[in-house]
Amino acid sequence: MIINDTKLPDLPPPGSTTGVVGWLRKNLFSTPFYSLLTLLIGYILFSTLIPAFQWIFIDSDWVGDSRDACTSGGACWVFITVRMDQFIYGFYPEAEYWRINILFGMLALLIVALVYEGTPKKGLIAAFALTIFPIFAFYMLYGGSFGLTLVETHKWGGLSLTLVLAIVGIVASLPLGIMLALGRRSQMSVVRSFCTVFIEMWRGVPLITILFMASVMLPLFMPEEIDFDKLLRALIGITLFQSAYMAEVIRGGLQAIPKGQYEAADALGLSYWKKMALIVLPQALKIMIPGIVNTFIALFKDTSLVLIIGLFDLLAIVQAALSDPKWLGYSIEGYAFVAFVFWIFCFSMSRYSQYLERKLHTGHGAR
Amino acid sequence: MSEPTVSEQTVSEQNSPADMSISDEVMIKLDNVNKWYGDFHVLKDINLTVHKGERIVVCGPSGSGKSTMIRCLNRLEEHQKGEILVGKTVLNNDLKNIETIRREVGMVFQHFNLFPHLTVLENLALAPIWVRKTPRAEAEATAMKYLERVKIPDQAHKYPGQLSGGQQQRVAIARSLCMNPEVMLFDEPTSALDPEMIKEVLDVMIELAQEGMTMICVTHEMGFAKTVANRVIFMDAGQIIEENNPDDFFDNPQSERTQLFLSQIL
């Protein structure tokens with residue numbers, strides 16, 4: 001018979017397994033081979049990152065108004081700074097820049113208010129952002145009423161056009177995608193077939209084709225009098241295309257919700273829409289945050305495809321600037337700038353999605 | 001928990017005057033109910049009448065159709081032939097009837113099926129608020145009352161994932177009770193629990209039975225059946241094989257199939 005009455009004390013872990021030294025030993029120098037790899041990769045990083053850093057920051061020129069200012073041999077950011085207005089506002093009349101600036105300011109405020117945890121009345125703000133703000137933004141950008149000069153959409157461009165395309169695409173494709181996903185799982189065969197056909201049709205065609213068809217073919221079939229705005233056609237094309245993708249992402253989330261959740265909601269007497277809105281979708285969307293944000297990011301970057309139908313988004317306008325004889329040869333700076341701007345937006349979305357995942361985690365395996 | 005005294009009073013439906021809590025009012029009536037999964041005939045000519053206040057335990061080997069039967073009662077499964085009457089409502093394809101029945105019939109599942117994205121309190125208050133249109137404050141007060149009855153008011157603001165299995169199942173029972181149902185269905189409520197947690201759930205169910213709730217329980221807890229049931233139903237291969245008061249059912253089973261089953265589990 002064994003009886004153990006003494007409680008063993010808690011001891012600290014052995015020193016070499018924790019702290020910086022422990023981390024280094026475990027992750028970088030655990031075997032001779034790994035040590036060799038660590039040194040090799042360290043050398044490669046060192047020999048490429050240092051010159052890149054020098055080119056970008058140390059040997060670079062930032063101020064000036066022509067290429068003559070670029071004498072240091074590094075990056076010539078003067079090219080970007082001189083053309084910054086065009087990159088942001090496109091061909092929007094300079095006297096009307098304030099309209100876009102106000103919208104940028106409002107957008108930033110709304111995003112901060114919605115992202116910051118302590119904001120009171122978030123629901124109201126979100127409702128404002130999704131209903132009144134888009135209408136307001138349209139009148140501000142397009143003008144033609146309330147004493148604002150009309151600025152036709154072919155003058156829109158640069159970062160502001162990219163943001164219009166991306167935000168409209170994101171905001172419209174999520175609810176559409178949810179409806180399509182629910183429809184594809186519906187008991188009603190007419191709804192189900194319609195949604196399936198819709199999704200498969202849009203998903204099976206490259207976005208470029210859709211944009212081409214929207215800009216070239218559609219007008220052929222339309223009567224002459226109907227002049228459908230080119231930007232509007234691109235927006236509809238992008239939204240429908242992305243909503244098909246979104247639908248499949250969300251359908252994956254819906255399928256991951258255990259049958260018991262549906263049954264419990266049914267047994268409590270919740271109607272179909274209440275069951276979906278209160279029980280199923282909140283859980284499905286939470287699981288699918290990585291997939292949904294992935295689609296958003298893809299959408300954001302895909303907006304640059306509109307350059308093939310002659311809309312000047314950020315990428316297109318930088319490319320156009322590159323062919324200016326006064327600035328030939330600065331394509332690296334141009335593309336690096338575009339890449340950086342896209343990366344800032346996409347990386348922010350990615351970080352926010354990770355924050356959301358952590359915040360919404362309630363400590364469970366869904367049952 | 002006081003030692004339940006119902007067991008001495010349990011009597012069969014036929015000579016029920018001794019059990020005062022059972023009324024003549026018919027709560028549930030199954031009339032020749034049949035169900036198939038594809039070609040597989042799961043329920044065969046099920047006839048059962050449950051009066052208000054009755055506590056019925058359904059047992060039988062797995063695959064005998066006992067879960068399917070009680071899941072038919074609130075249309076989690078659809079029966080193809082026969083008639084089911086719950087309260088005064090006929091269970092058919094009419095969505096209105098189904099919703100009426102689901103409001104009046106509470107169900108507790110083997111795997112609890114709590115909503116993991118909501119706190120315990122939100123789980124309880126959800127259906128009263130959205131189905132019965134109770135004001136939020138009132139629904140939450142009722143929810144707290146039932147949480148106290150199942151003895152976990154201190155867990156109200158936790159998420160289900162943070163509770164033990166026994167606590168989750170008690171929350172699930174409270175969630176059903178918040179809708180103030182006429183009948184409670186239990187689908188193997190203790191089968192997924194660790195042995196040490198079974199008692200806390202059974203205690204809640206015994207208390208509920210003593211308060212006169214009409215209950216239909218699919219369970220293998222024969223102690224529970226002896227204590228609270230006024231009728232035990234044995235099912236096999238989609239049929240009701242034997243139906244009796246618990247004393248006679250356990251001491252003097254009539255059919256051979258029942259005897260075999262009881263000899264294996266007792």
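User: Which residue does B:E200 meet in a salt bridge?
Analyst: This is a predicted model, where local features need pLDDT of at least 70, side-chain atom pairs count only at pLDDT 80 or more, and totals for chains, interfaces and linings use all residues. Residues are numbered from 1 along each chain as its sequence is written, chains are lettered from A and ligands numbered from 1 in the order written, and side-chain values use heavy atoms, without hydrogens and water. A salt bridge is a side-chain nitrogen of Lys or Arg within 4 Å of a carboxyl oxygen of Asp or Glu. At 3.0 Å, N to O, the partner of B:E200 is B:R170.

User: How many residues apart in sequence are the parts that B:E200 and B:R170 tie together?
Analyst: Helices (H or I, at least four residues) and strands (E, at least two) are DSSP runs, numbered from the N terminus. B:E200 lies in helix α7 (residues 195-210) of chain B, while B:R170 lies in helix α6 of chain B. The pair therefore ties together parts whose separation in sequence is 30 residues.

User: Is B:R170 buried or exposed?
Analyst: Buried means under 20% relative accessible area, exposed over 50%, and partly exposed in between (1.4 Å probe, protein chains only). B:E200, at 24%, counts as partly exposed. At 9%, B:R170 counts as buried.

User: What separates B:R136 and B:E140 along helix α5 of chain B?
Analyst: Their side chains meet in a salt bridge at 3.8 Å, N to O. B:R136 is partly exposed at 49%, and B:E140 is partly exposed at 26%. Because they are 4 residues apart in the helix, the separation is about one helical turn.

User: Which residues are linked with A:R184 and A:E248 in a network of salt bridges?
Analyst: A:E248 and A:R184 form a salt bridge, with their closest N and O atoms 2.9 Å apart. A:E248 is in helix α10 of chain A and A:R184 in helix α7 (residues 158-184) of chain A, 64 residues apart. Both are buried: A:E248 at 16% and A:R184 at 15%. The others in the network are A:E200, A:R203 and A:R251.

User: Which helix gives the most to the largest nonpolar core?
Analyst: A nonpolar core is a set of buried Ala, Val, Leu, Ile, Met, Phe, Trp, Tyr and Cys residues joined through side-chain atoms within 4.5 Å. The largest has 126 residues, and A:F87, A:L254, B:I28, B:L30 and B:M69 have the most contacts inside it. With 12 residues, the top contributor is chain A's helix α10 (residues 230-256).

User: Which strands stand at the edges of the open sheet in chain B?
Analyst: Two strands pair if DSSP finds at least two bridges between them. The 4 strands run in the order β2-β1-β4-β5, with antiparallel pairing. Each edge strand has a single partner, so one side is left without a neighbour in the sheet. The edge strands are β2 (40-51) and β5 (89-90).

User: Which residue of β7(B) stands opposite B:V108?
Analyst: Strand β6 (residues 105-108) of chain B is covered on both faces, with B:V105 and B:M107 buried on one side and B:G106 and B:V108 on the other. This strand runs parallel to β7 (residues 183-187) of chain B, joined by 4 bridges. Opposite B:V108 stands B:F186.

User: Where does B:A237 lie?
Analyst: Phi of B:A237 is near 50 degrees, a positive value in a residue other than glycine. At 41% relative accessibility, B:A237 counts as partly exposed. Its place is the loop between β9 (231-236) and β10 (239-244) of chain B.
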